[in-house]
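Subject: Handover of a structure and the findings from it

Dear colleague,

Please find below the structure that I am handing over to you. My account of what was found in it follows directly after.

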Amino acid sequence: MELNLSLLATQAGEALQELSERAKLPSGSLVVVGCSTSEVKGEHIGSAGSPDIAAAIFAGLQATANLHGLQLALQCCEHLNRALVVTSEVAREYRLDTVSVIPVPHAGGSMAAHAFATLPRAVVVESLQSQAIAGLDFGATLIGMHLRPVVVPVRLTNRSIGRASLQGAYSRPKLIGGERAVYR
């Protein structure tokens, strides 16, 4: 069964929109995205990547990110140790160290390869140093290592995209101080 690429783009944009609204993300927020295009196709993660699926999902995400002033960080696959593709501006703003690698579909993943080829002044960073305040995970790619503590899962209206599971998360400030503390 062939996937509708236009629908995937729409669903990805809607997922980011919903996450942005539910997490009340301010403009400029760094959002990490992990995406297994293999899982979206219904295959085992890392086994059947698709540049076309990556392009469709990226287009939906980027349109929504631009609309809300969000900055995307796209996670590479395990072969690049879950490094991330960001713009050089994001790397500079967050003081992230860049690494010398070019993601390709079989070493980085289709989404990271597409993002690297598409984002203006794209660079790869080894880590976000837990600075992302929200994220989307298409196909259980495990983005949690890039999020600030404390991570709050978001049950999105649409819990899948294509044949992949879809999870959202955002982080909130730690609650400290014990029983006498007052929180907003």
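I begin with Lys 24, which lies in the loop between helix H1 (5-23) and strand S1. Please note that the model is a predicted one. Lys 24 has a relative accessible area of 70%, over the 50% cut-off, and is therefore exposed. Along the chain, Lys 24 and Arg 148 are 124 residues apart, while 15 Å separates their C-alpha atoms.

The protein as a whole

The secondary structure consists of 5 helices and 9 strands. In sequence order these elements give the pattern α-β-α-α-β-β-α-β-α-β-β-β-β-β. For 184 residues, a compact globule would be expected to have a radius of gyration near 16 Å; the protein has 16 Å, so the value agrees with that expectation. The C-alpha trace spans about 55 × 35 × 30 Å along its principal axes.

Of the 184 residues, 49% are buried. Among the contacts between residues at least 6 apart in sequence, 69% connect residues that are at least 24 apart. The accessible surface amounts to about 9,600 Å², and carbon and sulfur atoms account for 52% of it. As to charge, there are 15 positive and 14 negative side chains, and 10 Å lies between the centres of the two sets.

Strand S2 and its partners

Strand S2 covers residues 71-75, and 5 of its 5 residues are buried, which means that the strand is largely enclosed by the rest of the structure. In a regular strand, side chains alternate between the two faces of the sheet. In S2, both faces are covered: Gln 71, Ala 73 and Gln 75 are buried on one side, and Leu 72 and Leu 74 are buried on the other.

Which strands pair with S2, and in what sense? Strand S1, residues 30-35, pairs with S2 in the parallel sense over 4 bridges. Within this pairing, Val 31 stands opposite Leu 72. Strand S3, residues 84-87, pairs with S2 in the antiparallel sense over 2 bridges. Here Leu 74 of S2 has Val 85 of S3 opposite.

Leu 84 in strand S3

Leu 84 belongs to strand S3. Is this residue, Leu 84, buried or exposed? Its relative accessibility is 0%, so Leu 84 counts as buried. Leaving aside residues up to four places away in sequence, Leu 84 touches residues that include Ala 73, Leu 74 and Gln 75, which are also among the buried residues of S2. The contacts of Leu 84 further include Val 32, Cys 76 and the residues Val 123, Val 124, Val 125, Glu 126, Ser 127 and Leu 128. His 146 is another residue that Leu 84 touches; the two are 62 residues apart in sequence, with a C-alpha to C-alpha distance of 9.4 Å.

Ser 38 in helix H2

Finally, Ser 38 is located in helix H2, which comprises residues 37-41. With a relative accessible area of 3%, Ser 38 is buried. What does Ser 38 touch, residues up to four places away in sequence not being counted? Its contacts are Glu 43, His 44, Ile 45, Gly 46, Ser 47, Ala 48 and Gly 49.

Yours sincerely

Notes: Residues numbered from 1 in each chain as written. Predicted model: local features only at pLDDT ≥ 70, side-chain atom pairs only at ≥ 80, totals over all residues. Heavy atoms only, no water. Buried < 20%, exposed > 50% of the residue type's maximum accessible area, 1.4 Å probe, protein only. Pairing = 2+ DSSP bridges. Contact = heavy atoms within 4.5 Å. Rg over C-alpha atoms; globule rule 2.2 N^0.38 Å. Areas by Shrake-Rupley, 256 points an atom, 1.4 Å probe, with all protein chains shown as cover. Lys, Arg positive; Asp, Glu negative; His and termini not counted. Charge placed at Lys NZ, Arg CZ, Asp CG, Glu CD.
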